[in-house]
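Good morning, and thank you for making time for this presentation. I would ask you to keep the display in view while I speak.

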Amino acid sequence: MSSATGRIIDTILSEIIDLRHELHQHPEIRFQESWTSNRISDALTKWGIPHRTGLGKGTGIVASIAGKPGKTIALRADIDGLEVEEATGLPYASRIPGRMHACGHDGHVANLLGAARVLLECRGALRGTVRLLFQPGEEQGGGARYMIADGALDGVDAVFGLHGSPQFPAGTIAVKSGSLMASADFFRMVIQGKGCHGADPASAIDPVIVAAHITTALQTVVSREVDPRQPAVVTVAHIEAGTTTNIIPDTALLEGTIRSFDPETDALLREAIERIAGHTAQAFRASASVTFGEKAYPPLLNDAAMTELLIDSACRTIGAANVVVLTEPQMIAEDFACYLEKVPGAFFFLGMANEPEAPYPPLHSPYYDFNDTALRTGIGVMAELALRFLSAT
Ligand code: NI
């Protein structure tokens, strides 16, 4: 990284780490991030960064650092925590029972605030505006769409974001042009049978048997119907039926997730799930009604030119050896994809692992903690990227 950027990071890093720990102690789930939002607003106010609060269903913030007239680059951090009971035993562990920053969004917020500090110091060199998006409800909330509806992308020329990843070593970033993450949606299936005494199965239409057959049959969607060259997932993750040992229940519930990278495969998965569920249920004299989520996450597609800019900036900041260019996409999903549907940009992974041979706790684990040593890398890359984007225009 440029020595000037590195020097600024040196002066702010301990403050940013303290802030990260403070955020970690106060995790809040989707659209309830009031404490977090206020804390971010306080920091922005203290540093003299103008911002609007109350966005994205109430807890989102859009801030801006304006230089000379020019283009606008948006940098985004998600701010929500998860319904997880923390088990790290850290001195700054969650103070809220049943809530935890188990996806490291506390680190994403701290990283963006750190980048904001650097860019504020470099404001004289900015030919354009840096817009900071603090987005609520990434986890199952689709908060990006609410931010966009509230104008977060109005006038924005490019958008960038990151997510911590235990798959890569701290000090590195990983990125890929084109498809980086899958589209995601959930399905919910209610199988209607006919309940009765467990000793009298001939009088029943047993939804448990139907649920078992549908679950098995759904395994053929990806293996027999999807083009083997197209990545896709159908996972049944939740089955629920019955209450006790001697009653055949009326209904069974089946829930799961679907993942793919293109609209055709996505449509195929939906059609096949409905068809297999309906006809399998019918074969056993039952019926099945299938619904899908209303706010599916689209596939995350990185823009080629913006990915190039990101890779170039990262190579200058942390060295080419620390920039991992991926060849395969991942089956996880991110609502950052919604921004990329509107504006070109790129999303990247920030390495979290301390050593390749020492397994780092996975995302959403009660042992996960964003790695503070990655902040220097994340802040440096984000700030350099914004500086380069705005100086090139
Ligand atoms: Ni996350």
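Leaving aside its neighbours within four places in sequence, which residues is Thr 373 in contact with? Before I answer, please note that this is a predicted model.

The residues in question are Ala 170 and Asn 354; Thr 373 is in contact with both, its neighbours within four places in sequence being left aside. Thr 373 lies in the loop that runs between strand 16 and helix 9. Its relative accessibility is 54%, and since the threshold for exposed is over 50%, Thr 373 therefore counts as exposed. The side chain of Thr 373 also makes a polar contact, at 2.8 Å, with the side chain of Asn 371. Finally, Thr 373 and Met 352 are 21 residues apart along the chain, and their C-alpha atoms are separated by 8.1 Å.

I turn now to the sheet. It is an open sheet of eight strands, with mixed pairing, and the order of its strands is 1-2-4-3-5-16-6-15. Which strands stand at its edges? They are strand 1, residues 51-55, and strand 15; each has a single partner strand, so one side of each is left without a neighbour in the sheet. From one strand to the next, the twist averages 25°.

Within this sheet, strand 6 and strand 16 pair in the antiparallel sense, over two bridges. Here Ile 173 stands opposite Leu 350, which belongs to strand 16.

Two helices that pack on the sheet deserve mention. Helix 2, residues 34-46, touches strand 1, strand 2 and strand 4, and its direction makes about 15° with that of strand 2. Helix 7 touches strand 5, strand 6, strand 15 and strand 16, and its direction makes about 160° with that of strand 6.

Let me close with helix 7 in detail. This helix covers residues 304-318, which is 15 residues, and it reaches 21 Å from its first C-alpha to its last, close to the 21 Å expected at 1.5 Å a residue. At its start, a side-chain oxygen of Asp 303 reaches to within 3.1 Å of the backbone nitrogen of Ala 305. Just after the helix, Gly 319 takes a positive phi of about 90°.

Which residues of helix 7 are buried? Among them are Met 306, Leu 309, Leu 310, Ile 311 and Ile 318, together with Thr 307 and Ser 313. What covers the buried residues includes strand 14, residues 300-302, and helix 9, residues 375-391, as well as strand 5, strand 6, strand 15 and strand 16.

Technical notes. Residues are numbered from 1 along each chain as its sequence is written. This is a predicted model: local features need pLDDT of at least 70, side-chain atom pairs count only at pLDDT 80 or more; totals for chains, interfaces and linings use all residues. Side-chain values use heavy atoms; hydrogens and water are left out. Helices (H or I, at least four residues) and strands (E, at least two) are DSSP runs, numbered from the N terminus. The expected span of a helix is 1.5 Å times one less than its number of residues. Buried means under 20% relative accessible area, exposed over 50%, partly exposed in between (1.4 Å probe, protein chains only). Contact means heavy atoms within 4.5 Å. A polar contact is a pair of N or O atoms within 3.5 Å; within protein, one must be able to donate a hydrogen and the other to accept it, and residues adjacent in sequence count only if both atoms are side-chain atoms. Two strands pair if DSSP finds at least two bridges between them. Axes are lines fitted to C-alpha atoms, for helices over the stretch in contact, and angles run from 0 to 180 degrees between N-to-C directions.
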